[in-house]
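Me: I would be grateful for a close look at a single part of this structure. Please explain in connected prose how that part is placed among its surroundings.

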Amino acid sequence: MSLPCRAQRCKAHAGDTAAPAGAVTGMSKSKERRLIRCLQSCPREHPANHRWGGLPGPGAVSAAPREELLSLLSPLSPPEQLRPPGARLEEPGRAGRTAALPWRAARGRSLPTAPSTPPPAPRRNGLASLCARLAPPTPSGSGGSGRGDASHLTPRGGAGVGAMSRRERGPESGPGGAEVAAEDAEPESPDQCLSLLPWDRFSAWLHCVCVVGFDLELGQAVEVIYPPHSKLTDKEKTNICYLSFPDSNSGCLGDTQFCFRFRRSPGRKVSFCCFLDQLDRDLPVYLKKDSAYYYGYVYFRQVRDKSLKRGYFQKSLVLISKLPYVHLFRSMLKQIAPEYFEKSEAFLEAVCSDIDRWPAPVPGKVLQLPLMGLIMKLRIPTYRDKPGTTPIVQNMHQADAQISMALPTVHEVDLFRCFCPVFFHIQMLWELVLLGEPLVVMAPSPAESSETVLALVSCISPLKYCSDFRPYFTIHDSEFKEYTTRTQAPPSVILGVTNPFFAKTLQHWPHIIRIGDIKLPGEVPKQVKVKKLKNLKTLDSKPGVYTSYKPYLNKDEEIVKQLQKGVQQKRPTEAQSVILRRYFLELTESFIIPLSPPQLRQFSQDDFMKTLEKAGPQLTSGLKGDWIGLYRHFLKSPNFDGWFRSRQREMTQKLEALHLEALCNENLVFWSQKHTEVETVDLVLKLKNKLLQADREHLPVNTDTLKKLQTHINDIILALPDDLQDILLKTGTT
């Protein structure tokens, strides 16, 4: 089954809803093509969705005299209702420019009114025709991977073929214009945005699905990419090929699951992310996606097969996504990969069709995701959740007898299982990760290396680890030379490796963790001392932590005793992980609380150090040690820089939200009556831009506040002369 690319699908849909000849007017062919491309990639955010005409900034308007106001605000073409029925706009290169002259010549006089008799057939403006051409048609019947369901393409509450929201059409004028403009401020639901085209729902969760096989002549090769229109550069395909297979020395017989992370190629256009940005802002900081990286979730199978020349069947099913939902995609692969290896590509198409019917990944909601007869129930955390708590998703009985599976988490790994080989050094490892120190995890297989790296990154939650990390890294990685060079200090990165070659190549790195097979011991683990780096010669060296780092804080014996007691009492590993996660959370929060007061000015290290004596971590943590030294080191790390920028952005948004609320409580109409028309128009444009900013940046503002501000804008406009009313009600914002 092959599907056309997004642009081709848009053109295919345009065939059923094409506008009449000459409908796209007032713009050149090249501008039309650019606008089509913009609408395809980001249909609801492009400024052209409001009007074609350029709108000057507020500063330019306030400096203009009254007689120039109309010419500055007017688009390149006169308002739609003022054109005679059937009239066409000329090309802007010739008569289109002269058509604006009568409007400039008006010099503040009242504009002509609309004809008393309405035109027989209302004409769309050029942009409306473009949107109609790009709107997907309603399918006439079902067929082909579930594509026939009309609800798949039509937004809920929509009007079917070519339906557009008021935001796409632009505000309507007339007696009801104020009410229509007020409705425009209401944001659209993610499901409406997701219903633009087939595979948009799929793209909200995954970029693509790859099948990587082994060719005797070529080595690893990507055999299948699904959906077929998904784009990967040659560099990305090469990285996926090598990262989807364990190193030859790993000896992974049977089925193995692991994950990797790799850089996206620069210069790639984002095809569908407008509404996903809003969802991303509702996530905790440590779950926000990084647009510069992809995750790869792998299910690798290696079994003996005498019918093959190599003697082994070797193949990987790989999910490529921007989302760091490790547990979710691991659970997915457990369900679909074994069956895929038996049923091949037709099964994969059916799986992708199921994913394309999933709801948007909205944080805070209990989502039900159908997958080949199974219903997965899960909840994505939000930044409003109390740290350390995970709301339980109940596994309810399905009326239609479908099997239901509730996932307790979408992203967490088994902390205790991962840290068991280095049980007595967890506090020192927390310090190393907090400070962004270069770390290498040497493990016997990709499963162990990837899980340990992810556990390390998560141990400083709710802080976000702001440096690079690679759960599985090979000598074929495109960043291999960058990370292994000896000409400069090792970068701030955590690498998970399995190839013995790295024991020599990365010998100059300051901190190396060597782990063996991750198995939960039935007895209390023996304490292992920190070892010197010179003792690490090969990957066969004994498990342990090889470093010369001296921790700033004294060792916490209580957590060690508590976990040891759990092992003796055969406490479930899930319970041990909860204890360990709570310990890391309390330790991180004790460290962060003194830094938390709002900071909008430049951060002063000296002023901060003076506050530690009375408001330091000793108030919330019983640990003793050199806290001040730990803070001095942390303030130089990438983690502090990322945390401080995030706090500044958060405080700025709160101030913007308070400003909007203050504006709503003012009598703006009374203010406008005491000022000139130019100043009033300047105010209207600035208020409209405030509404746009609140929608674009998803400021923490009440919907009622936005509606109230929109009402103020409408009241101010209605107090202006008729000519300004007509233009301001029809003019978008920049």
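The request and the reply below concern one strand and the sheet to which it belongs.

Me: Where does strand 11 stand in its sheet, and is strand 11 buried or exposed?

Reply: The model discussed here is a predicted one. Strand 11 comprises residues 493-497, and 5 of its 5 residues are buried, so the strand is largely enclosed by the rest of the structure. A residue is called buried here when its relative accessible area is under 20%.

It is useful to consider the two faces separately. In a regular strand, side chains alternate between the two faces of the sheet. In strand 11, Val493, Leu495 and Val497 belong to one side, while Ile494 and Gly496 belong to the other, and all of these residues are buried. Both faces of the strand are therefore covered.

The next matter is the neighbouring strands. Strands of a sheet pair through backbone hydrogen bonds, in either a parallel or an antiparallel manner. Strand 11 pairs with strand 9 (residues 439-442) in the parallel sense, over 4 bridges. Within this pair, valine 441 is opposite glycine 496 of strand 11. Strand 11 also runs parallel to strand 10 (residues 468-470), to which 3 bridges join it. Here phenylalanine 469 has isoleucine 494 of strand 11 as its bridge partner.

These pairs form part of an open sheet of 5 strands, in which the order is 10-11-9-12-13 and the pairing is mixed. Strand 10 and strand 13 (544-547) occupy the edges; each has a single partner strand, so one side of each lacks a neighbour in the sheet. On average, neighbouring strands of this sheet are turned by 15 degrees against each other, with direction ignored. Further along the order, strand 9 runs parallel to strand 12 (residues 511-514), and 3 bridges join the two. In that pair, methionine 442 stands opposite arginine 514 of strand 12.

Helices also make contact with the sheet. Helix 19 (residues 446-458) packs on the sheet and touches strand 9, strand 10, strand 11 and strand 12. The direction of helix 19 makes about 160 degrees with that of strand 11. Helix 18 (residues 426-434) lies across strand 9, strand 11, strand 12 and strand 13, and runs at about 50 degrees to strand 13. Strand 11 is thus among the strands touched by helix 19 and among those that helix 18 lies across.

Two further details concern the elements just named. In general, most peptide bonds are trans. The loop between helix 19 and strand 10 contains proline 462, which a cis peptide bond joins to serine 461, with omega about 15 degrees. Helix 18, for its part, contributes to the lining of a cavity. A search of the whole structure finds 2 cavities of 30 Å³ or more, and the second largest has a volume of about 30 Å³. Helix 18 and helix 22 (557-568) are the elements that give two or more residues to the lining of this second largest cavity. Its lining residues include Ile426, Gln427, Ile559 and Val560. By class, the lining of the second largest cavity has 5 nonpolar, 1 polar and 2 charged residues.

In summary, strand 11 is buried in 5 of its 5 residues, and it stands between strand 10 and strand 9 in the order of the sheet.

Notes: Residues are numbered from 1 along each chain as its sequence is written. This is a predicted model: local features need pLDDT of at least 70, side-chain atom pairs count only at pLDDT 80 or more; totals for chains, interfaces and linings use all residues. Side-chain values use heavy atoms; hydrogens and water are left out. Buried means under 20% relative accessible area, exposed over 50%, partly exposed in between (1.4 Å probe, protein chains only). Two strands pair if DSSP finds at least two bridges between them. Axes are lines fitted to C-alpha atoms, for helices over the stretch in contact, and angles run from 0 to 180 degrees between N-to-C directions. Contact means heavy atoms within 4.5 Å. On a 1 Å grid over the protein atoms alone, a cavity is a set of points where a 1.4 Å probe fits but cannot get out, and a pocket is an open set with protein on both sides within 12 Å along at least five of seven lines; lining residues have an atom within 4 Å of a point. Grid points are joined across faces, edges and corners, and a volume is the space filled by probe spheres set on the points. Ala, Val, Leu, Ile, Met, Phe, Trp, Tyr, Cys and Pro count as nonpolar, Asp, Glu, Lys and Arg as charged, and the others, Gly among them, as polar.
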